[in-house]
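This report looks at two topics in turn, enclosed cavities and one sheet with its covering helix. The sequence and the structure come first.

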Amino acid sequence: MSYYKVTGNIPLKGEVSVSGSKNAALPILCATVLAGEPCRIENLPDIEDVNSLIEILTAMGAVVTKPQKGVAVIDPRPIKEYRVSTEMATKLRASYYMLGSLLGRYGYAEIAEPGGCSIGQRPIDYHLRGMRALGANVIDRGGIITAEAKELRGADIYLDMASVGATINIMLAACRAKGKTTINNAAREPHVVDVANFLIAMGASIRGAGTDVIRIVGREELHGCTHPVIPDQIEAGTYMIAAAATKGNVIIKNLIPTHLEAISAKLMECGVEVIEGDTGKEFFIQVKADERPRAVNIRTLPYPGFPTDLQQPMTALLAVAYGNSFVQENLFEDRFNHVRELNRMGAKITVNGRTAAVAGVERLFGAEIQATDLRAGAAMIVAALMAQGTSIIRNIHFIDRGYENLTDKLTALGAMIERVE
Ligand code: UD1
């Protein structure tokens with residue numbers, strides 16, 4: 001089993017470039033199924049979840065070529081298999097996007113309930129309700145979902161919560177439905193907008209992505225296109241937090257600063273210097289710190305609120321803050337598995353329901369810790385980088401699912417991190 005060996009307490013210094021967004025790339029790969037021609041996807045991150053989705057596409061019959069690093073060309077025309085096997089679907093959460101894509105394109109989809117991080121119950125009832133509203137007959141037989149429709153018809157759909165997954169899945173199916181679909185209380189995350197832009201480039205009619213009402217007019221045909229995936233908001237935020245945690249000075253390049261406003265605001269409230277800039281070619285954010293952070297309170301919320309995916313690395317930073325912080329997790333009921341590991345390193349954090357009370361300590365100490373899910377893994381990396389001494393981080397396959405070239409990027413910033421196979 002691979003693990004990371006990290007010797008901490010070294011300020012990160014230098015420049016790091018952000019990769020393509022995982023949570024945009026995955027639904028975009030699924031959306032290629034809707035096209036009648038090949039699509040070229042650029043700025044694809046080289047991460048396990050992307051590899052798993054490419055495996056799913058290939059197993060369905062699509063022809064996937066990778067003409068160069070970070071680029072995949074997907075020809076969906078040979079697809080013959082309208083199902084995703086349980087083994088593949090449970091590898092990652094985003095496999096559920098095949099439901100909307102296959103149903104939209106072929107009028108039939110069969111897929112096992114998705115996998116992904118164990119951070120709460122994570123039902124997919126809004127997705128299924130959305131497909132039913134579009135006219136599909138959806139049956140869940142012990143976790144195997146089939147959805148079938150002779151013809152999808154546009155509908156007015158309201159989401160009880162602004163779910164990223166349900167918004168995108170409904171958008172995918174609605175692109176090929178007859179007539180107009182409205183998604184009310186839609187998610188506004190940057191990756192929702194990127195998927196909409198990809199679909200628009202394929203000829204779809206979508207208005208309002210990025211607001212809480214999205215209107216889609218279905219089309220009979222969608223064509224191929226070329227689309228570069230947006231930079232990863234969560235990867236960028238992770239490096240911002242790691243720079244602050246190690247009292248470093250890091251320029252994070254290839255990002256979209258507006259996607260990171262909640263993180264920048266909270267880091268500044270902690271006393272960290274955050275400078276946004278534009279080289280004329282690309283945007284960057286410089287993060288500088290020379291002291292322990294001040295305690296701040298965090299509440300996770302849908303975009304543009306503080307992202308739940310950065311709650312865990314932010315909790316690691318707050319573990320060494322001056323004073324007491326409260327971290328409230330509003331999206332997933334079980335997203336505090338990292339706390340036990342942080343406490344093993346000397347943190348003083350107690351969890352009560354959806355709130356973690358963090359009593360800041362002067363420093364963390366290296367320990368043998370484990371990633372319990374993807375973003376908990378990011379929290380372990382941040383903690384190990386700032387801790388005194390050496391840490392061993394186990395279960396790093398979770399981290400491989402979402403962070404491209406982590407060792408190389410951190411080593412280039414001066415970190416002492418080694419991946420031991
Ligand atoms: C996606 C992201 C994940 C991120 C999360 C929130 C992917 C592959 N995953 O997860 O990284 O942490 O958005 O930004 O992009 N809900 C229901 N029923 C549903 C759907 C959602 O009750 O049918 C609830 C969820 O339990 C959760 C909330 O709605 O409490 C938001 O979930 P959602 O935005 O759908 O998250 P995911 O798509 O699971």
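How do the residues of the lining of the largest cavity divide into nonpolar, polar and charged? In this predicted model, the lining of the largest cavity consists of 10 nonpolar residues and 1 polar residue, with no charged residue among them.

**Cavities**

The search of the whole structure, which counts cavities of 30 Å³ or more, returns 2 of them. The residues that line the largest cavity are Thr238, Tyr239, Ala242, Ala378, Ile381, Val382, Leu385, Ile399, Tyr403, Leu406 and Leu410. Three helices, α8 (233-245), α12 (374-386) and α14 (406-412), each contribute at least two residues to this lining, and the largest share, 4 residues, is supplied by α12. Because Thr is not in the list of residue types that count as nonpolar and is not one of the charged types, it falls in the polar class.

The second largest cavity is lined by Ser21, Asn23, Pro190, His191, Ile230, Pro231, Asp232, Gln233 and Ile234, and at least two of its lining residues come from each of α7 (190-201) and α8. Its lining is made up of 4 nonpolar, 4 polar and 1 charged residues.

The table sets out the volume and the lining classes for each cavity.

| Cavity | Volume | Lining by class |
|---|---|---|
| Largest cavity | about 60 Å³ | 10 nonpolar, 1 polar, no charged residues |
| Second largest cavity | about 50 Å³ | 4 nonpolar, 4 polar, 1 charged residues |

**Sheet and covering helix**

Elsewhere in the description, an open sheet of 4 strands follows the order β6-β7-β9-β8, and its pairing is mixed. The strands β6 (83-84) and β8 (137-141) stand at the edges with a single partner strand each, so one side of each has no neighbour in the sheet. The partner of β6 is strand β7 (residues 108-112), to which it runs parallel and is joined by 2 bridges; Val84 has Ile111 in β7 as its bridge partner.

Helix α4 (residues 97-106) lies across β6, β7 and β9 (144-148), and it runs at about 160° to β7. How many of the residues of α4 are buried? The helix is mostly covered, with 8 of its 10 residues buried, namely Tyr97, Met98, Leu99, Gly100, Ser101, Leu102, Leu103 and Gly104. After α4 comes Gly107, which has a positive phi near 75°.

Methods. Residues numbered from 1 in each chain as written. Predicted model: local features only at pLDDT ≥ 70, side-chain atom pairs only at ≥ 80, totals over all residues. Heavy atoms only, no water. Pairing = 2+ DSSP bridges. Contact = heavy atoms within 4.5 Å. Axes fitted to C-alpha atoms, helices over the stretch in contact; angles between N-to-C directions. Buried < 20%, exposed > 50% of the residue type's maximum accessible area, 1.4 Å probe, protein only. 1 Å grid on protein atoms, 1.4 Å probe; cavity = no way out; pocket = protein on both sides within 12 Å on 5 of 7 lines; lining within 4 Å. Points joined across faces, edges and corners; volume = space filled by probe spheres on them.
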